[in-house]
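Colleague: I am new to this structure and would like a close look at one part of it. Could you take me through it slowly?

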Amino acid sequence: MNKSLRAVAAAVAVALGVVLAGCGSRTVVVSEGQQTNVITVNASSEVKVVPDKASFSAEVMAMAATAEEAQSQGSDMTNAVIDALVAAGVDEKSIQTSYTNLSPTYDWSSDEPKVTGYEQRTSLQVSDVDLDVVAALMQTCVAAGATGVYGPNYYASTYDEAYAQALTEAITASREKAAAMAKAAGVSLGDVVSIVEGYQNTMYRATNESADFEMALGGDAGGGEMKVAPGEVSVEAQVTVSYAIG
């Protein structure tokens, strides 16, 4: 076969592969003149785990007549909350100031708003705490002067193991789906040609925000001990797997 005929044959083979790939039931891959038929399936698996770690945030708000006074009071209150957390056993590396904001407050009763004072808000993020102490730590913040606490958010320290299990189950499920498709199509299922990992959600926290609670400035920090109900969190894995068929 001369060069011109070989070029035409190669072009026809590529065009045929494109047409067959669009049919949906099979994907035909043409590479260097060798044709390979595959079935491609999507599969997922979900593993439930009980969380054992938590995080929450604590807010401190200070109001005063001047910016300097508001900042000073806010700093003292924030330091008191941090000291209380450290005294309760929280590692300083687990306490982060996520934001602080100093701004004026206004009287909007007239056409020209007037500055009536200043307000400083500071938020602390407390992470990597054991689940059995998170409620007590949130109450510790309030007792130390925090004007609001938010959370908890839940995490599982066994996430890596759970994700590996979910991946294994997803790949097993993909073979079962591909086998059913191959049987229905009257072909035999072969080896794996490719595996693509899907989107991985790394947020693994409880979505139920009803556990949040707030205590206003000057609120009573006493009362009964608050309990938290973490339930379970979902660890999901998604895969796209192609199998050879013959």
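Colleague: Let us look at the open sheet: how many strands does it have, and in what order do they stand?

Modeller: Happy to walk you through it; please keep in mind that this is a predicted model. The open sheet has 4 strands in the order 4-5-3-6, and the pairing is antiparallel. Strand 4 and strand 6 are at the edges, where each has a single partner strand, so one side of each has no neighbour in the sheet. On average, neighbouring strands are turned by 15 degrees against each other, with direction ignored.

Let us cross the sheet from one edge to the other. Strand 4 covers residues 95–107 and pairs with strand 5 over 12 bridges, in the antiparallel sense. If you would like a place to put your finger, find Leu102, whose bridge partner in strand 5 is Gln120. The link between strand 4 and strand 5 is a hairpin of 6 residues. Thr105 also belongs to strand 4. With a relative accessible area of 18%, Thr105 counts as buried, because the cut-off is under 20%. Leaving aside neighbours within four places in sequence, the contacts of Thr105 include Met63, as well as Lys114, Val115 and Thr116.

Next comes the step from strand 5 to strand 3. Strand 5 spans residues 114–130 and strand 3 spans residues 53–64; the two run antiparallel and are joined by 11 bridges. Here Ala54 stands opposite Val129 of strand 5. The last step goes from strand 3 to strand 6, again antiparallel, with 6 bridges. In this pair, Ser55 is opposite Asn153 of strand 6.

Now for the helices that lie against the sheet. Helix 2 packs on it, touching strand 3, strand 4 and strand 5, and its direction makes about 150 degrees with that of strand 3. Helix 3 lies across strand 3, strand 5 and strand 6, and runs at about 160 degrees to strand 6.

Helix 3 (residues 134–144) deserves a second look. Its buried residues include Val134, Ala135, Leu137, Met138, Cys141 and Val142. These residues lie on the same side of helix 3, because they cover an arc of only 165 degrees around the axis. In general, an α-helix has 3.6 residues a turn, so residues three or four places apart point the same way. The buried residues of helix 3 pack against helix 2 (67–87) and against strand 3, strand 5 and strand 6 (148–155). Just after helix 3 you will find Gly145, with a positive phi of about 125 degrees.

These pieces come together in the largest nonpolar core, which has 20 residues; Phe56, Val81, Leu85, Val134 and Cys141 have the most contacts inside it. At least two residues of this core come from each of strand 3, helix 2, strand 5, helix 3 and strand 6. Helix 3 gives the most, with 5 residues. As a closer example, take Val81: not counting residues up to four places away in sequence, Val81 touches Val60, Leu124, Cys141, Ala144, Gly145 and Ala146. There is also a second, separate core of 11 residues, and among them are Val41, Ala182, Val187 and Ile245.

Methods: Residues numbered from 1 in each chain as written. Predicted model: local features only at pLDDT ≥ 70, side-chain atom pairs only at ≥ 80, totals over all residues. Heavy atoms only, no water. Pairing = 2+ DSSP bridges. Buried < 20%, exposed > 50% of the residue type's maximum accessible area, 1.4 Å probe, protein only. Arc of directions from axis to C-beta. Contact = heavy atoms within 4.5 Å. Core = buried A, V, L, I, M, F, W, Y, C linked by side-chain atoms within 4.5 Å. Axes fitted to C-alpha atoms, helices over the stretch in contact; angles between N-to-C directions.
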